[in-house]
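Q: I am new to this structure and would love a close look at one part of it. Could you walk me through the place where the ligand sits, and then show me a little of what lies around the rest of the chain?

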Amino acid sequence: MTHPAIYLDHNASAPLLPEARAALLAALDLTGNPSSVHGHGRALRNLIETARTQVAKLAGAERTQVVFTGSATEAITQAIVGGARAFGVDAILVSAGEHAAVSKAAEATGLPVRQIGLDAHGLIKVEEIVEAIKAADSAGMKLLVCVHLVNNETGVIQPVDRIEVLVGPSPHYLFVDAVQAFGKMALEFSSRAPDMVAVSGHKIGAPAGIGALLMKGHADQVRLIHGGGQETGRRGGTESAAAIAAFGAAAAAFPTRFYDANVSELVRVAEDGMRLIAPNLVVFGERADRIGNVTNFAVPGLKNAVAMMGLDLMGLSVSSGSACSSGKVGPSHVLAAMGVAAELSEGAMRVSFGWSSTIADVEAYLKGFGEVVGRHASRHGRAA
Ligand code: PLP
């Protein structure tokens, strides 16, 4: 099936919002370079500055704090690789639940990287950050602390407020990957402690290939791509005005659309329905605060590769949550850090909803899930 009927993988990428599509197409019809001072250039510049206001508003940031990048991965790399250099830090702290964009950028600094664990509920162990800061303080070392706000696999909301209290008043720096939180919860960037925050367009209904780094004024020297002075020197390269305009339109439209879809109710119905079908279902991170649009679970004994293939044949697109870019299903480092046994985590699947999701999607999904679980149970000669 080339066009799966039902899309249940919003955490991987959200469908393009009609508002973003309209802004994208309108901008593609314009000619010029936004840095040019003539009328053509100024028209593109206006689109970019309108989008900056829209993204800033959603992030609770000042317009000047928003730097457009080619993806959140680029924004994250700028924050970590560029931040380590600009701030002269001696070591990086990353949580064990970070997206590869964060962990690989930390490695790329060439500095010592210390990993902070997750507890069984998927929460960052804040006490390990306390210890690491104490050790750094007594050694006279400066740290860059890198954490995420919402986990892309489990939806667990991290205790970033507690981490801010530790790092904010200290000589250390704080970077937050807010990719899965943006548009779904308030970031309040200007009034909060993080020095830098990364967000992504395609998680909120803009096309892929556009992101932003939110930077406090003292972080303005944090650079990755040097060049023609665009983004007030903070990110070189001619801006993709069309992608930026679409990002702005998505930022303006997404929260209402997302709220209207009532995704937490969809997750509740999905989890309740799956439990009726498979009473031994395990939902990862269930006891922690979760963002409400995603559920990550396993049925003991049912491998995710088998279940996902069965669902895919029925036109239901779900994820393992940990697919690597090659498209293969890899083991989840997040679940491993939570202490989930490898055998159970081989069954982990992620269903994520968003602005276009409906209860009919959940019903179709539960029907498919029931078939897959039923087939598995009959093959193994027992009830699921
Ligand atoms: N961080 C998190 C938590 C993510 O979920 C993702 C995308 O899956 C990224 C970073 C990377 O975002 P982008 O695809 O815009 O580079």
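What is the distance from an oxygen atom of the ligand to an N or O atom in the side chain of T73?

A: Happy to take you through it, and please keep in mind that this is a predicted model. The distance you ask about is 2.5 Å, from an oxygen atom of the ligand to an N or O atom in the side chain of T73. The protein covers 87% of the 390 Å² of accessible area that the ligand has on its own. T73 has company in reaching the ligand's oxygen atoms: a polar side-chain atom of K203 is 2.6 Å from an oxygen atom of the ligand, and for a polar side-chain atom of H202 the distance is 2.8 Å.

Now look at the whole shell. Around the ligand you will find S71, A72, T73, I76, H99, N152, D177, V179, Q180, S200, H202 and K203. By type, 7 of the shell residues are polar, 3 are nonpolar and 2 are charged. Helix α3, which runs over residues 72-87, gives the largest share of this shell, with 3 residues.

From here, let us turn to two other helices. In helix α4 (residues 100-108), the buried residues are A101, V102, A105 and A106. These four lie on the same side of α4, because they cover an arc of only 130° around the axis. Turn to the other side of α4 and you meet K104, E107 and A108, which are exposed.

Helix α5 can be read in a similar spirit. Its 14 residues (126-139) should span 20 Å at 1.5 Å a residue, and the end C-alpha atoms are 20 Å apart, so the two values agree. Buried in α5 are V126, I129, A132, I133 and A136. They cover an arc of only 110° around the axis, which means that they sit on the same side of α5. The other side of α5 has the exposed residues K134, S138 and A139. A general rule helps here: an α-helix has 3.6 residues a turn, so residues three or four places apart point the same way.

One last stop is a loop. Between α2 (39-59) and β2 (66-69) you will find Q65. Q65 has a relative accessibility of 11%, and because buried means under 20%, Q65 counts as buried. The side chain of Q65 is joined to that of S190 by a polar contact of 3.1 Å.

Methods:
Residues are numbered from 1 along each chain as its sequence is written. This is a predicted model: local features need pLDDT of at least 70, side-chain atom pairs count only at pLDDT 80 or more; totals for chains, interfaces and linings use all residues. Side-chain values use heavy atoms; hydrogens and water are left out. A residue is near a molecule or strand if one of its heavy atoms lies within 4 Å of it. A polar contact is a pair of N or O atoms within 3.5 Å; within protein, one must be able to donate a hydrogen and the other to accept it, and residues adjacent in sequence count only if both atoms are side-chain atoms. Accessible areas come from the Shrake-Rupley method with a 1.4 Å probe; for residues, only the protein chains shown count as cover. Helices (H or I, at least four residues) and strands (E, at least two) are DSSP runs, numbered from the N terminus. Ala, Val, Leu, Ile, Met, Phe, Trp, Tyr, Cys and Pro count as nonpolar, Asp, Glu, Lys and Arg as charged, and the others, Gly among them, as polar. The expected span of a helix is 1.5 Å times one less than its number of residues. Buried means under 20% relative accessible area, exposed over 50%, partly exposed in between (1.4 Å probe, protein chains only). The arc is that of the directions from the helix axis to the C-beta atoms.
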